[in-house]
Each structure stands twice: as C-alpha cells, then as structure tokens.
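User: Please walk me through this structure one feature at a time. I'd like the general idea first, then the case at hand.

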Amino acid sequence: MKNLFLFCRAGYEKECAAEIQQRAAELNIGGFVKTNTNDAYVVFQCFVDGDGELLADSIELDSLIFARQMFAANELLKNLPEQDRVTPIVDALSEVSKAGELRVETPDTNEAKELSTFCRKFTVPLRQALKKSGSLLAKENPKRPIIHVCFVASGQAYVGYSNSSNSSPHFMGIPRLKMVAEAPSRSTLKLDEAFIHFVPKEEHESRLRSGMNAVDLGACPGGWTYQLVRRGMFVAAVDNGPMNEDLMETGQVKHYRADGFRFEPPRKNIYWLVCDMVEKPSRVAELIEAWAINGWFKEAIFNLKLPMKSRYKEVSQILATMSEILKENGIADFQIRCKHLYHDRDEVTVHLWLNPKQGFQF
C-alpha cells in the first residue's frame with residue numbers, strides 16, 4: 001500500500017500534513033501530501049509501494065499531535081457502483097488476511113456524516129463478504145489488524161488497515177463522552193478525555209485514585225475541578241473568579257482567589273497539576289516548567305492555546321524548549337506527550353509526567 005490515511009480535526013489539515021511530512025522525512029520515506037481544507041483528513045502518498053504500511057508500522061500514533069487515527073491505505077476507490085459496492089472493496093483488501101475488526105467510517109465533517117446511516121447499513125454485508133474472502137476473521141480479535149473503510153464521499157472510499165497495537169480504540173479516533181448535567185461547563189470534557197487518552201485504563205486506580213491532592217490553575221467555574229473531585233481528589237482551585245457552589249459544597253475544594261501565575265501551593269504533596277488558562281502558549285509552558293523545576297507536582301495536564309498561523313511549528317518549538325529546560329535543571333526522567341484531542345478546539349493538550357520510572361508513589 002502506498003498511502004497513509006490520517007484523520008484530523010477539520011481546519012487542521014495543514015498542521016497534520018506538516019507533521020506527517022516531517023516524520024516521513026525523518027524515516028527517509030519519500031512522498032507528498034494530498035488534502036483539502038476542512039476535509040478532516042490527510043493522505044500521505046508514498047513514492048514506493050509498501051511504504052504506506054512502513055509508515056503505519058514505524059510511527060506511533062500517540063506521538064502524532066494532530067492525527068486522531070491513521071491506517072495504511074490503497075488508492076482512492078472511485079465510482080463504486082450503487083448495485084455492488086462490496087465486491088471492489090473486498091478485492092482492494094485482498095492482501096489483508098485474518099483481520100480482527102472492521103470499521104466503516106467517515107471523516108469528521110457535517111457533509112461526511114450524512115453518509116453515516118449508509119455506513120451502518122453497509123457494514124453488515126461488507127463484513128460477511130470479508131469473512132468469506134478470508135480478510136476478516138469469523139469472530140472479532142483485538143490482537144489482529146483492523147480493516148478501515150473510510151467513505152470520503154458517496155461512492156468514494158479509502159480502504160486499508162491499521163495494527164491494533166498502534167491504533168485508536170475509537171471509530172475515527174473519537175471517544176464518545178457524555179456531558180453530565182452537574183458539571184459546571186463543557187470544558188470538563190477536555191480533561192475527561194485527556195485522562196482517558198494519557199492514562200491507561202489499567203493505571204487509573206493508581207494514578208487517578210481517591211485521596212490525591214491536585215491543583216487547578218484558572219479553575220473558574222470548575223469544569224476541570226469537577227473531573228478531579230468526581231475521582232475523589234482534594235483540589236486547590238485557583239482563580240479570581242467565582243467557583244461553582246455545588247463543587248464547593250463537596251468539601252473537597254479549597255478556593256484560592258489568586259493569580260494562577262503567582263500562586264504557590266501551600267502543600268508540596270501535589271500529585272496532579274491541571275491548567276486551562278486562556279493565555280499565550282509560551283507563557284503557560286513557562287509556568288508549568290517553573291512548577292516542575294520546583295518539584296511541586298508529579299503529573300500535569302495543561303492546554304496550549306494555538307495561534308492562527310504556524311500552529312504545528314510553534315507547538316513543536318514549545319515542547320522542544322520545555323524538554324531542554326527540564327534537562328538543564330537536572331530533571332532527566334520525564335515524559336511529554338501532546339495531542340489535539342477531539343474536545344479541543346484551537347488548542348492542544350499536553351501531559352507532563354515527572355519521574356515515571358519511579359512508579360506512582362508521591
């Protein structure tokens with residue numbers, strides 16, 4: 001397969017394209033990007049057949065900032081006949097053997113979503129045909145490759161596969177989270193998704209456990225604080241604005257009316273630091289770096305608001321600078337991850353974990 005298909009947020013195709021071009025160049029894999037603004041996907045077409053699969057194997061999806069999901073793909077199937085769309089898709093997937101799952105998807109756009117009803121109905125006959133051809137196992141197997149069929153328009157689809165060990169567990173890379181009525185704001189979904197994305201489910205009990213101490217910088221009205229409280233943590237909510245009364249009545253929140261850039265925690269046993277302040281991304285990064293150097297937290301999740309131009313370049317520079325500063329200040333063991341999450345808009349979410357090799361004690 002020559003292509004690598006990447007799902008992204010509509011309007012961020014340029015950033016996704018710049019990122020995959022750089023990563024492919026680092027692997028000495030030649031190719032070019034095919035995309036259009038607001039398509040919500042990017043296709044990197046390699047010059048050499050098989051390099052699409054090589055990219056899918058060599059690049060960790062988690063290491064990409066702007067891609068939600070990716071899969072090695074064949075050329076775009078066009079003019080699929082209405083009377084039989086199954087046969088050409090099965091033929092195009094003939095080199096895929098014993099996959100464990102089928103996903104019939106669309107890009108995350110309003111236009112593409114109009115195909116969602118068709119996709120659900122089409123999945124059944126396509127699944128049966130793929131099982132008959134041997135491309136798909138009779139029963140789902142989470143350890144086997146995943147077949148992707150992405151309809152980008154009526155009668156047009158990219159088909160291919162991803163490795164289950166290097167793939168999002170969600171259709172189109174989008175987790176389905178519900179807004180709860182008691183949460184103070186919709187921003188709560190950003191931190192909920194961040195915890196799901198950055199902390200493996202099997203580690204939630206140790207890294208997101210009840211009784212931990214946390215700080216929320218720029219907390220008002222409490223959307224992020226809510227996610228900490230519902231997990232049983234005690235939170236220092238820092239903001240000059242008012243906090244949600246229901247949160248305050250839990251007894252788990254202490255409100256500090258202060259500037260988040262000047263606040264120092266009275267306790268130094270903070271495990272989680274979270275921050276969603278509307279501020280220049282470089283200034284927020286400097287704040288997190290200062291907290292890290294002082295040893296005031298173990299793990300941090302914070303958002304960087306993105307400029308309208310050179311978004312990938314600026315984020316990359318900020319993360320590289322953060323890494324250098326931490327090393328220069330004697331912090332050798334840390335992990336930085338960054339993702340443009342589904343519930344993010346013009347921002348990215350960063351996870352910084354200090355001394356991960358020491359485990360979860362703090």
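Analyst: Gladly! Helices (H or I, at least four residues) and strands (E, at least two) are DSSP runs, numbered from the N terminus. This is a predicted model, in which local features need pLDDT of at least 70, side-chain atom pairs count only at pLDDT 80 or more, and totals for chains, interfaces and linings use all residues. Residues are numbered from 1 along each chain as its sequence is written, and side-chain values use heavy atoms, with hydrogens and water left out.

User: Where is Pro-221 placed, and what is the peptide bond before Pro-221 like?

Analyst: Pro-221 sits in the loop that joins E8 to helix H8 (223–229). The bond leading into Pro-221 from Cys-220 is cis, and its omega is near 0 degrees.

User: Now the sheet. What is the strand order of the seven-stranded open sheet?

Analyst: Strands of a sheet pair through backbone hydrogen bonds, either parallel or antiparallel. Here a pair of strands requires at least two bridges found by DSSP. The seven strands of the open sheet run in the order E10-E9-E8-E11-E12-E14-E13, and the pairing is mixed. At the edges are strand E10 (253–256) and strand E13 (334–339), each of which pairs on one side only. On average, neighbouring strands of this sheet are turned by 15 degrees against each other, direction ignored. Axes are lines fitted to C-alpha atoms, for helices over the stretch in contact, and angles run from 0 to 180 degrees between N-to-C directions.

User: In which sense do strands E11 and E12 pair, and which residue stands opposite Cys-275?

Analyst: Strand E11 (residues 272–275) pairs with strand E12 (residues 299–305) in the parallel sense, over four bridges. Facing Cys-275 is Phe-302 in E12. Helix H6 (residues 188–198) packs on the sheet, where H6 touches E11, E12, E13 and strand E14 (347–354). The direction of H6 makes about 125 degrees with that of E12. Contact here means heavy atoms within 4.5 Å.

User: Which strands does helix H10 lie across?

Analyst: Helix H10 (residues 281–294) lies across strand E8 (213–217), E11, E12 and E14. Relative to E12, helix H10 runs at about 165 degrees.

User: Which residues touch the most other members of the largest nonpolar core?

Analyst: A nonpolar core is a set of buried Ala, Val, Leu, Ile, Met, Phe, Trp, Tyr and Cys residues joined through side-chain atoms within 4.5 Å. Buried means under 20% relative accessible area, exposed over 50%, and partly exposed in between (1.4 Å probe, protein chains only). In the largest core, which has 80 residues, the answer is Val-149 and Leu-352. Setting aside neighbours within four places in sequence, the contacts of Leu-352 include Ile-288, Phe-302, Met-322 and Ile-336. Another core, of 26 residues, lies apart from that one, and Ala-183, Leu-208, Trp-224 and Val-274 are among its members.

User: Last, the loops. Which phi values do Asn-38 and Ser-310 have?

Analyst: Asn-38 has phi near 70 degrees, a positive value in a residue other than glycine. Its loop joins strand E2 (31–34) to strand E3 (41–46), and Asn-38 counts as partly exposed because its relative accessible area is 47%. For Ser-310, phi is near 55 degrees, again positive and not in a glycine. Ser-310 belongs to the loop between E12 and helix H11 (311–328), and its 43% relative accessibility makes Ser-310 partly exposed.
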